[in-house]
Amino acid sequence: MMMTSFALISAALAAAQQAPDSPPPTRARADLSDYFSESDYPLEANRRNQQGTVGFAVSVARSGRVRDCTLTASSGSPSLDRTTCEILEDRVRFTPARDASGRAVSDVFSGSVQWALPPPEPGAPAVRAWPAQNLAAYVVSEDILFRRWI
């Protein structure tokens, strides 16, 4: 019994000594604000004065490419929802997730994109299509809030 306990303690100490050398596992990550621009606001949504937040989950391959985009919350605008997933699938490149051995592994990344039009100018009609250069896009990803006037 004493020999078994000693062997378990020795194995635990050996594992603890190896742990500092191996990197901790990491999740896939990307700065989504780099991938959305003023020209991305869908013309249909702009004309209809549509805004909203699109929740999504993407499957990230070991290469960092998005394999699949799933809506987790609709903005209420099909064009905003569709455009969000199109941008994520076509443009975004993640830094891949890594396991404890440092090998790239697949991961799932969840976040949201808030599409917003700028506030109306004083004296402007309540409903109008905004010029593309005045559009605002917001990206919320994990605990990071990004707001960019574009």
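Leaving aside its neighbours within four places in sequence, which residues is Ser79 in contact with? Keep that question in mind while you get your bearings; the tour comes to Ser79 at its second stop. One thing to know before you start clicking: this is a predicted model.

**Stop 1: the whole chain**

Begin with a cartoon view of everything. You should find three helices and seven strands. Walking from the N terminus, the elements come in the order α-α-β-β-α-β-β-β-β-β. Now switch on a surface. The chain exposes about 9,100 Å², and carbon and sulfur atoms supply 55% of that area. Of the 150 residues, 36% count as buried. The contacts say something about the fold too: among those between residues at least 6 apart in sequence, 65% join residues at least 24 apart.

**Stop 2: Ser79 and its surroundings**

Select Ser79, which you will find in helix α3. Its relative accessibility is 2%, so Ser79 counts as buried. Here is the reply to the opening question: with neighbours within four places in sequence set aside, Ser79 is in contact with Pro42, Glu44, Ala45 and Gln50. Show those four side chains and keep them on screen, as two of them come back below.

**Stop 3: Gln50 and Asn49**

Move to Gln50, in the loop between α2 and β1. Is Gln50 buried or exposed? Gln50 is buried, because its relative accessible area of 18% is under the 20% limit. Its contacts, again without neighbours within four places in sequence, are Tyr41, Glu44, Ala45, Ser77, Ser79, Leu80 and Leu117. Next, draw a distance from the C-alpha atom of Gln50 to that of Ala116: the two are separated by 8.0 Å, although they are 66 residues apart along the chain.

Now click on Asn49, which lies in the loop between α2 (43-47) and β1 (52-60). With a relative accessible area of 22%, Asn49 is partly exposed. Look at its backbone as well: phi of Asn49 is near 60°, a positive value in a residue other than glycine. As background, most residues other than glycine have a negative phi.

**Stop 4: the disulfide**

Select the cysteines at 69 and 85. Cys69 and Cys85 are joined by a disulfide, with 2.0 Å from S to S, and the count for the model is one disulfide. Cys69 belongs to strand β2 (residues 66-73) and Cys85 to helix α3 (residues 78-90), so the bond ties together parts that are 16 residues apart in sequence. Turn the view to look along the S-S bond: the torsion there is about -60°, so the disulfide of Cys69 and Cys85 is left-handed. Both Cys69 and Cys85 are buried.

**Stop 5: the nonpolar core**

Hide the cysteines and show Leu32, Phe56, Val58, Leu88, Phe94, Phe109 and Trp115 as spheres. Of the 23 residues in the largest nonpolar core, these seven touch the most other members. To see where the core draws its residues from, colour β1, β2, α3 and β5 (107-116): each supplies at least two residues of this core.

**Stop 6: the salt bridges**

Side chains of opposite charge can pair when their charged atoms come close. How many salt bridges does the count come to? The count is four, and this tour visits three pairs.

- Select Asp40 and Arg91, whose closest N and O atoms are 2.7 Å apart in a salt bridge. This pair links distant parts of the chain, with Asp40 in the loop between α1 (2-18) and α2 and Arg91 in the loop between α3 and β3 (97-98), 51 residues apart. Asp40 is buried at 8% relative accessibility, whereas Arg91 is partly exposed at 37%.
- Select Glu44 and Arg48, whose side chains meet in a salt bridge at 3.4 Å, N to O. Glu44 is partly exposed, with a relative accessible area of 34%, while Arg48 counts as exposed at 55%. Glu44 is also one of the contacts of Ser79 from Stop 2.
- Select Asp99 and Arg103, which form a salt bridge with their closest N and O atoms 3.1 Å apart. Here Arg103 counts as exposed at 54% relative accessibility, and Asp99 counts as buried at 18%.

**Last look**

Return to the cartoon and select Ser79, Gln50 and Glu44 together. Gln50 is in contact with both Ser79 and Glu44, and Ser79 is in contact with Glu44 as well.

Conventions. Residues are numbered from 1 along each chain as its sequence is written. This is a predicted model: local features need pLDDT of at least 70, side-chain atom pairs count only at pLDDT 80 or more; totals for chains, interfaces and linings use all residues. Side-chain values use heavy atoms; hydrogens and water are left out. A disulfide is a pair of cysteine sulfur atoms within 2.5 Å. Helices (H or I, at least four residues) and strands (E, at least two) are DSSP runs, numbered from the N terminus. Buried means under 20% relative accessible area, exposed over 50%, partly exposed in between (1.4 Å probe, protein chains only). Contact means heavy atoms within 4.5 Å. Accessible areas come from the Shrake-Rupley method with a 1.4 Å probe; for residues, only the protein chains shown count as cover. A nonpolar core is a set of buried Ala, Val, Leu, Ile, Met, Phe, Trp, Tyr and Cys residues joined through side-chain atoms within 4.5 Å.
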